[in-house]
Amino acid sequence: MEFKSHMEAALLEARSAAARGEVPVGAVVVSPKGELIGSAGNRTRSDNDPTAHAEILAIRAACAHLGSERLIGCALYVTLEPCAMCAGAITAARIDRLYYGAADPKSGGVAQGARVFAHSQCHHIPEVFDGIAERDAAALLRDFFAVKRGG
């Protein structure tokens with residue numbers, strides 16, 4: 001099967017989040033057949049919920065769609081390196097492949113910081129592919145925070 005990136009759909013979710021005043025992070029879950037089964041942008045502010053990260057919301061939607069707590073064979077595309085909380089959810093959901101855009105030196109939990117998948121307590125380790133549409137994802141974040149900081 002030929003690889004098809006779904007990062008553009010995640011970027012669309014990130015742009016929608018930014019338009020709502022949320023940090024522009026978007027995520028989509030894709031089934032083994034290539035069907036988009038969950039998508040979301042950050043909603044921490046609008047939901048008053050610190051766990052309402054794009055990844056968590058997309059995982060919840062995909063699990064509801066499949067009627068299962070496991071997303072075996074599925075892929076997650078997210079515009080920013082997942083934090084430790086989201087990396088833990090990725091592991092718990094048994095997602096097979098993680099594709100992310102921009103690295104997150106401040107709060108990342110995959111290649112930066114906590115490196116959740118590197119711990120011996122990690123029960124499932126997805127294949128990880130970074131730098132997918134990194135320039136676009138990083139620009140969204142940079143522009144968003146420039147406006148917030150008045151720059």
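Analyst: Buried means under 20% relative accessible area, exposed means over 50%, and partly exposed is in between, using a 1.4 Å probe and protein chains only. You're looking at a predicted model, where local features need pLDDT of at least 70, side-chain atom pairs count only at pLDDT 80 or more, and totals for chains, interfaces and linings use all residues. Residues are numbered from 1 along each chain as its sequence is written, and side-chain values use heavy atoms, with hydrogens and water left out.

User: Let's start with C86: is it buried or exposed?
Analyst: C86 belongs to α4, along with A87, A89, I90, T91 and A93 in the list of buried residues there. Helices (H or I, at least four residues) and strands (E, at least two) are DSSP runs, numbered from the N terminus. The relative accessibility of C86 is 0%, so this residue counts as buried.

User: Which elements help cover the buried residues of α4?
Analyst: Contact here means heavy atoms within 4.5 Å. The residues being covered include A87 and T91, both buried in α4. Their cover includes α3, β3 and β4.

User: How many disulfides are there?
Analyst: A disulfide is a covalent bond between the sulfur atoms of two cysteines. The rule used here asks for a pair of cysteine sulfur atoms within 2.5 Å. The sulfur of C63 is 8.3 Å from the closest cysteine sulfur, in C74, so that's too far for a bond, and C86 is in no disulfide either, with the sulfur of C83 nearest at 3.8 Å. The count by this rule is 0.

User: Which element gives the most residues to the largest nonpolar core?
Analyst: A nonpolar core is a set of buried Ala, Val, Leu, Ile, Met, Phe, Trp, Tyr and Cys residues joined through side-chain atoms within 4.5 Å. The largest one has 44 residues, with V29, I59, L71, Y77, L98 and F117 making the most contacts inside it. Two or more residues come from each of α1, β1 (26-30), β2 (36-41), α3, β3 (75-80), α4 (84-93), β4 (97-102) and α5. With 7 residues, the top contributor to this core is α3.

User: Which residues does I59 contact, leaving aside neighbours within four places in sequence?
Analyst: I59 is one of the residues with the most contacts inside the largest nonpolar core. Its partners include two that are buried in α4, A89 and A93. Leaving aside neighbours within four places in sequence, the full list for I59 is V29, L71, A89, I90, A93 and I95.

User: What is the relative accessibility of T79?
Analyst: T79 is in strand β3. Not counting residues up to four places away in sequence, T79 touches M7, A10, L11, A14, P24, V25, G26, G101, A102 and A137. T79 counts as buried because its relative accessibility is 1%.

User: Which residues lining the largest pocket are closest to its centre?
Analyst: On a 1 Å grid over the protein atoms alone, a pocket is an open set of points where a 1.4 Å probe fits, with protein on both sides within 12 Å along at least five of seven lines, and lining residues have an atom within 4 Å of a point. Points are joined across faces, edges and corners, and the volume is the space filled by probe spheres set on them. The largest pocket has a volume of about 550 Å³. Of its 21 lining residues, the closest to the centre are V23, L80, D104, L141 and F145.

User: Where does the largest share of that largest pocket's lining come from?
Analyst: Count Ala, Val, Leu, Ile, Met, Phe, Trp, Tyr, Cys and Pro as nonpolar, Asp, Glu, Lys and Arg as charged, and the others, Gly among them, as polar. The lining then divides into 11 nonpolar, 4 polar and 6 charged residues. The largest share, 4 residues, comes from α5.

User: What is the phi of N48?
Analyst: Most residues other than glycine have a negative phi. N48 is in the loop between α2 (44-47) and α3 (54-66), and is exposed at a relative accessible area of 69%. Although not a glycine, N48 has a positive phi of about 50 degrees.

User: And where is A133, which also has a positive phi?
Analyst: A133 isn't a glycine, yet its phi is about 55 degrees. Its relative accessible area is 31%, so A133 is partly exposed. A133 is found in the loop between β5 (127-129) and α5 (134-148).
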